[in-house]
Amino acid sequence: MHGDDIKILLVEDSASDADLLRESLQQASKARFEFVHVDHLNDAITRLRNQKFDVALADLSLPDSKGADTYRRLRAAAPHLPIVVLTGNDDENLGVEAVRETVQDYLVKGHADGRQIVRSIRYAIERKQTEEALRAAREELELRVRWRTADLHKANKLLRAEMAKREKLQAQLLSTTEREQKRIGEDLHDGLCQLLTGARFHNAMLGQQLRTTQPDCARETDAIETLLKDAVENARDLSYGLNPLAPDARGLMTALQQLADRMQTANGPRCTCNIPQPVGISDHAVASQLYRIAQEAVQNALKHAGAKKITIELKRRNGGVTLSVADDGVGMKRTGARPRGMGLSNMSRRARLIGGTLEIKNADGGGIAVTCRLPVAEK
Ligand SMILES: Nc1ncnc2c1ncn2[C@@H]1O[C@H](COP(=O)(O)OP(=O)(O)OP(=O)(O)O)[C@@H](O)[C@H]1O
Ligand SMILES: [Mg+2]
């Protein structure tokens, strides 16, 4: 369309109707209408392939096409062209249907004067332009959404990879720390404790010698003995805390029992360890992680639960091993705030590190039950 020039493809098999339409248009408007007139749909389609038009006016009853088929084929041939269909008096409904489906307007032949036809043509052109602009905007939006989604997927993937890397590093840190603690514990036990024991022996000998000749100095050796004894016990406790498990398969059972015993105080909660059948775990790394899980769960029960009873349980179940620590305290409070401690996440990490799962849930009778399940137990 150049200025007021409108190029029309007129598809009409009645020559007189075509002439009438042409005349009424020229009379009704100052615009210059350029017509290409064809009387078969196939001719119209051929023209559309080779020429550009501003609008098509199409009779629906043609020698080679009738009714809805006409406007559908026309639309398929020119998806972006404004179309106004011309219907007879008795098939106005078809015009309404055509507008609902795809064309921009319809005119009932013989009922519209030149001005109405011009208005309809202009309206069809504008409507199609708006539709096209809307379609372009929608496509652009869809494209952006697709890009954005792709970006998000990419970012998500990177984030997951980063999280997996961190998870792996944290797991490595846990097992390295565990090994290092074990080594320091052993060094304390086999090095410092032995040295202190040696010093006690020499001090005792010296005390014996001095007792008859210099009883005052002998009393000093008694004081030294008391200090050395405390030092040995302290070092042993430290060594035990760093390396609580004996290296044999029964180490975990003994350590869990000792953990429960140590928690037993006059005013504190009653802490028991229940191991109905022996559970031997010869992989020291696995046993250590299970022990640390139990230790953290017991510490949490003491610190946060206000429990009267804490029960540690180690069982064989469904071919695997289940370790649980349950208390009868206040249960987990749902504050919505992100927990600041490390204990719960470390327990989960330790469980995953040894191929197990960790479940923390409020127990039926109040309190918390922490359960670590290992799928395959050793023989
Ligand atoms: N047995 C429990 N009973 C009630 N609340 C608990 C229990 N265990 C954990 N919680 C709640 O979960 C929170 C997180 O526990 P977590 O062990 O991760 O951290 P923490 O014990 O506060 O600190 P950390 O373990 O790092 O010393 C606790 O602050 C507490 O509110
Ligand atoms: Mg904790």
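**A tour from domains to a metal site**

Start with the whole chain: the centres of domain 1 and domain 2, taken over C-alpha atoms, are 104 Å apart. Keep in mind that this is a predicted model. Colour the domains next. The assignment gives domain 1 as 5-112, domain 2 as 163-242 and domain 3 as 251-374.

**Stop one: the sheet**

Now show the strands. Find the open sheet of 5 strands, ordered β2-β1-β3-β4-β5 and paired in parallel. Which strands stand at the edges? Select β2 (32-38) and β5 (105-108). Each has a single partner strand, so one side of each is left without a neighbour in the sheet. Look along the sheet: on average, neighbouring strands are turned by 25° against each other, direction ignored.

Zoom in on β1 (residues 5-11) and β3 (residues 55-59). These strands run parallel and are joined by 4 bridges. Click Val 11, then its bridge partner in β3, Ala 58.

Add helix α4 (residues 92-101). This helix packs on the sheet and touches β4 (83-87) and β5. The direction of α4 makes about 170° with that of β5.

**Stop two: the magnesium ion**

Select ligand 2, the magnesium ion. Which protein donors does this ion have? They are Glu 296 (OE) and Asn 300 (OD1), lying 2.0 to 2.1 Å from the ion.

Show helix α8 (residues 284-305) as a ribbon. Glu 296 and Asn 300 are 4 residues apart in this helix, so about one helical turn separates them.

Finally, switch on the surface. Is Asn 300 buried or exposed? Asn 300 is buried, because its relative accessible area is 15%, under the 20% cut-off. Glu 296 is partly exposed, at 23%.

How values were computed
Residues numbered from 1 in each chain as written. Chains lettered and ligands numbered in written order. Predicted model: local features only at pLDDT ≥ 70, side-chain atom pairs only at ≥ 80, totals over all residues. Heavy atoms only, no water. Domains from an automatic or database assignment. Pairing = 2+ DSSP bridges. Helix = DSSP H or I, 4+ residues; strand = E, 2+ residues; numbered from the N terminus. Axes fitted to C-alpha atoms, helices over the stretch in contact; angles between N-to-C directions. Contact = heavy atoms within 4.5 Å. Donors = N, O, S within 2.8 Å, 3.2 Å for Na, K, Ca; no water. Buried < 20%, exposed > 50% of the residue type's maximum accessible area, 1.4 Å probe, protein only.
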